[in-house]
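Trainee: I have a model open and would love to talk through its strands with you. Shall we look at it together?

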Amino acid sequence: MIRSLMGATALLLVLAACGRSDPGLSQTGANPDLPDVRQTLVPEMNIARPTGWGDQLPTVPEGFTVSAMATDLQIPRQMLVLPNGDILIAEGRGGGAPALRPKDVIAGAIKKKGNTQVESGNRITLLRDADNDGVPETRTVFIDNLNAPYGMAFVDGSLYVANQDALLRFTYQPGQTRITTAGEELTKLPSRINHHWTKSLTASADGQTLYVGIGSNSNIGERGLVVEEERAVVWAIDRETGARRTVATGIRNPTALAIEPQTSALWAVANERDEIGPQLVPDYLTSVREGAFYGWPYSYWGQNVDPRVWPQNPELVARAIAPDYALGSHVAALGLSFATEGGFGGGFSQGAFIGEHGSWNRSDLAGYKVVWVPFSGGQPAGPPVDFATGFLTGDGQARGRPVGVAFDPVRRILLVADDLSNTLWRIAPRTLKATAPTVTPPAT
């Protein structure tokens, strides 16, 4: 049985290698090239095998330096910088949806080969670097025994954590390095099956509303649409009462949310569907508009109908809007952070940093890097720029895989979570002068 599965896997890899993307297509920006649907019995599958960093570091732009701020983490996902400069890192792995089809089993085995084998942390780690030299003086388990934590937000003395099944609130005392009290459940989050388990989180500019991104329970509805109720959506949750409403629908997997600083508008990065070709469908960065429908599962990039979905829904497709900005097909964008207060200056003053975890559903690898999308007037204003690369070796092995990104305007640093090497990377200008933010002692 094992030998048969290995033989089938090898055959599928050979077949997958036949389907490469067309370098002549432009798949970033507001108007990406969209080739014809290419359905095959076996989808293109390839993932970068882990190799480790050794003595290498990520490659960053001239004038910047990069260092490992923390290692030996337990699957770091998203970060949050507290008002006193302390850094919180959510660690863990969730999900566990059963496979439906033989190719799901094979795809799962291939994807697993590109992931860390470290045990899920199910916790939040705190780092304190009081002199901003990149070497934390303090590292503690801030909150333990969580259920696959992912998104975090801090508002008015409270820390909010999006587990895979519930949104929790913790009372925070300035300067404390550990919370041992149980969090208050503000609202439950959809967790049935949890094909896409990550629950992204951010707070509105005025702090009154918490936004949660909830991914779909399938690729294109193959588990039935009953289990997709309140999936592929963004919720708005009242911070005080826990009351919620649905802001946008049809957004297949909104993996990170952030507030654009000039307009205070909500933006998301989203992972689109698989198995219709190496260049369908582009993952994207978009503003999240009130009442908007982004197409999933019936259509993609506006009103391009997905022929696999049955029954079709032409009325809903007619309402579908296109996202704002394509990032490329299957790059798996998982991190989003806007530069604030002038960013790094120069070409990195206004815009968004995006962590691209990397592809599996194409034979030539895509993603595996952090990109910068410049903005002007609250909108994307140019092609993406590579900001942190080197996560792939020249022969297609993976040293690391970027997930969350967090820009800290006070210290002028960018933090990058790498959930393959289980590292937190710190990127800063070479001319950065160490500063010591005020750390308030915890209340007694």
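Trainee: Which residue in the turn of the hairpin formed by β25 and β26 has a positive phi?

Mentor: Happy to help, and keep in mind that this is a predicted model. Strand β25 covers residues 402-408, and 5 bridges join β25 to β26, residues 413-418, in the antiparallel sense. The hairpin leaves 4 residues between the two strands. The one in the turn with a positive phi, about 55°, is Arg412.

Trainee: Which residue in β26 stands opposite Asp408?

Mentor: Start from the ends: β25 runs over residues 402-408, while β26 runs over residues 413-418. The two strands are antiparallel. Opposite Asp408 stands Ile413.

Trainee: How many residues of β16 are buried?

Mentor: Look at both faces of β16, residues 282-287. Pro282, Tyr284 and Thr286 point one way, Asp283, Leu285 and Ser287 point the other way, and all are buried. In general, side chains alternate between the two faces of the sheet in a regular strand. The count for β16 is 6 of 6.

Trainee: Which residue in β19 stands opposite Asp283?

Mentor: β16 has pairing with β15, residues 266-270, antiparallel over 4 bridges. In that pair Ala270 stands opposite Tyr284. β16 also pairs with β19, residues 325-329, again antiparallel over 4 bridges. There, Asp283 faces Gly328.

Trainee: What are the edge strands of the open sheet with the order β10-β11-β12-β13?

Mentor: That sheet has 4 strands with antiparallel pairing, and an edge strand here pairs on one side only. The twist averages 25° from one strand to the next. The edge strands are β10 (199-203) and β13 (244-249).

Trainee: Which residue in β11 stands opposite Ser200?

Mentor: Follow β10 to its partner β11, residues 209-214: 5 bridges join these antiparallel strands. In general, strands of a sheet pair through backbone hydrogen bonds. Opposite Ser200 stands Gly213.

Trainee: Is Ala182 buried or exposed?

Mentor: First find Ala182 in the loop between β8 (166-171) and β9 (184-188). Its relative accessibility is 73%, and the cut-off for exposed is over 50%. Ala182 therefore counts as exposed.

Trainee: What is the C-alpha to C-alpha separation of Ala182 and Arg169 in space?

Mentor: Ala182 lies in the loop that follows β8 (166-171) and leads to β9 (184-188). Along the sequence, Ala182 and Arg169 are 13 residues apart. In space, their C-alpha atoms are separated by 9.0 Å.

Methods: Residues are numbered from 1 along each chain as its sequence is written. This is a predicted model: local features need pLDDT of at least 70, side-chain atom pairs count only at pLDDT 80 or more; totals for chains, interfaces and linings use all residues. Side-chain values use heavy atoms; hydrogens and water are left out. Two strands pair if DSSP finds at least two bridges between them. Axes are lines fitted to C-alpha atoms, for helices over the stretch in contact, and angles run from 0 to 180 degrees between N-to-C directions. Buried means under 20% relative accessible area, exposed over 50%, partly exposed in between (1.4 Å probe, protein chains only).
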